[in-house]
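Reader: I would like a close look at one part of this model. Please take me through the place where the two domains meet.

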Amino acid sequence: MKRKILSIMLTFALVFSLMAGCGTKSSDNGESNSTATATKTVKITLLNSKGEIQAQLEDAAKAFTKENPNITVEVIPAAAGQSPFEKVTSMYASGNAPTMAMLDPGDIAKFKDKFLDLSSEKWVSDAIDGALNAATVDGKVIAFPFAVEGYGLIYNKAVLDKAYGGNFDPSSIKTRDALEEAFKKVEATGAKALEISPMDWSLGAHFLSIAYADQSKDPAQVAQFLSDLKAGKVDLANNKVFNGLMDTFDMMKKYNIDKNDPLSPTYDRGPELIGKGEVGFWFMGNWAWPQIKEFDTANGQYGFIPVPISNNPDDYGNSGIPVGVTKFIGIDKTQNSAEQQDAAKKFLDWLVYSSTGQDMLVNKLNIIPAFKNITLQPQDPLAKSILQYVKSGNTLEFMTTLPPDHWSKLGASMQKYLAGKIDRKGLIDEIENYWKNVQ
């Protein structure tokens, strides 16, 4: 009897074991697996090289995750003073490449073996003319055109209206003398004329590069000018455009609110000065609007005027401002998984095609998009001003493909010139030597 009971117990144990095993197998291959897949979170990273929109990009990442709960986006800021090229290169070297890297146009081709081919993405066909030029390498689109930007002398219209005793017309300033007259009129009201922010990227990448862009309205001629600089064939001391620009810079230095200590201001000082109406002008770009808005006393009335290089209003450059695609986003294919790559593509699609993404791009990040399908009109005045220059055909080439160290090295030279530590000849020597030795 005991043997029979033991046999029955062993039979039950075996059956129970088999049932448990089947249940586990069923669970692993079926419901539990789908549940795991459904709740799996993919984390991606975005290296941001536009520090002025760090907070807004973080908000955009949260909005994206709210609509795509299985994807989280960490926005990593590039350190102030460090070029995005250097930052991304170091991240690759440490085996920690960002899923997405926001880079300057001139850096994109250097990552052609590391960035994903995005040629088949839907947004490629919706990009505006010329937006993909810097992103196309060896016939493949390897980066997403993130931002169209422009720069020049930002003016506070309330200050200028007061200075001119009526409705200020920005198109009336097309010469150096007219600009100085505006400076004098502003100072007559008790405000200061302008702020020159001394950051190397502003002076090197933006102000100095006007001397290149203004050489000709033909991009091929501008490219040839840079080639001649590299070959040591350009005599800047006798170059009319370069000296005209620097003559304007010399005049600007005289009216700079910080002329007694020109290298001391930080970027944050500019938005406050122009927003509060303590100066009439600030040399900067449309990316500054989120900060200016915090101090706005002019009811959102701001715009751009060009930096004139002569006293002939018909000279090329005196009526236009530089405009172009200034930032691109590449997706890493070497250190990020296929799931992360797909998630990154989804994030870029979200910016271009979802209503929330478009709103974030245009109204929160204050970005002028590079895509025809986005019909949202920018609300910020600086973007509107840029679009007016675009529509009237008064744009200069935004020198976006300069060497990666151009802004840091020649920005440092411009800082020395701003502070009076070198003269015009010293500046010319440093510029010409840089180009002769550039890699």
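Author: Here is a walk through the domain contact, followed by a few side-chain pairs.

This is a predicted model, where local features need pLDDT of at least 70, side-chain atom pairs count only at pLDDT 80 or more, and totals for chains, interfaces and linings use all residues. Residues are numbered from 1 along each chain as its sequence is written, and side-chain values use heavy atoms, with hydrogens and water left out.

Start with the parts. Domain 1 covers 43-149 + 324-388, and domain 2 covers 150-323 + 396-437. These bounds come from an automatic or database domain assignment. The C-alpha centres of the two domains lie 27 Å apart. Domain 1 puts 25 residues into the contact and domain 2 puts in 23. Contact here means heavy atoms within 4.5 Å.

Now the area. About 1,800 Å² is buried between domain 1 and domain 2, and carbon and sulfur atoms give 68% of it. Buried area is the accessible area (1.4 Å probe) that two parts lose on being put together, summed over both.

Which elements supply the domain 1 side? Strand S6 (144-156), strand S10 (321-331) and helix H15 (381-392) each supply at least two residues. H15 gives the most, with 5 residues. Helices (H or I, at least four residues) and strands (E, at least two) are DSSP runs, numbered from the N terminus.

How many salt bridges are there between the domains? The count is 0. A salt bridge needs a side-chain nitrogen of Lys or Arg within 4 Å of a carboxyl oxygen of Asp or Glu. By this rule the structure has 18. One of them joins the side chains of Asp 161 and Lys 157 (3.0 Å, N to O). Both residues sit in helix H5 (residues 157-164), 4 residues apart, so about one helical turn separates them.

Last, the rings. The structure holds 25 aromatic pairs. Rings of Phe, Tyr and Trp (its six-membered ring) pair if their centres lie within 6.5 Å; planes under 30 degrees apart count as stacked, over 60 as edge-to-face and the rest as tilted. Phe 144 and Phe 371 have ring centres 5.2 Å apart and planes at 35 degrees, so this pair is tilted.
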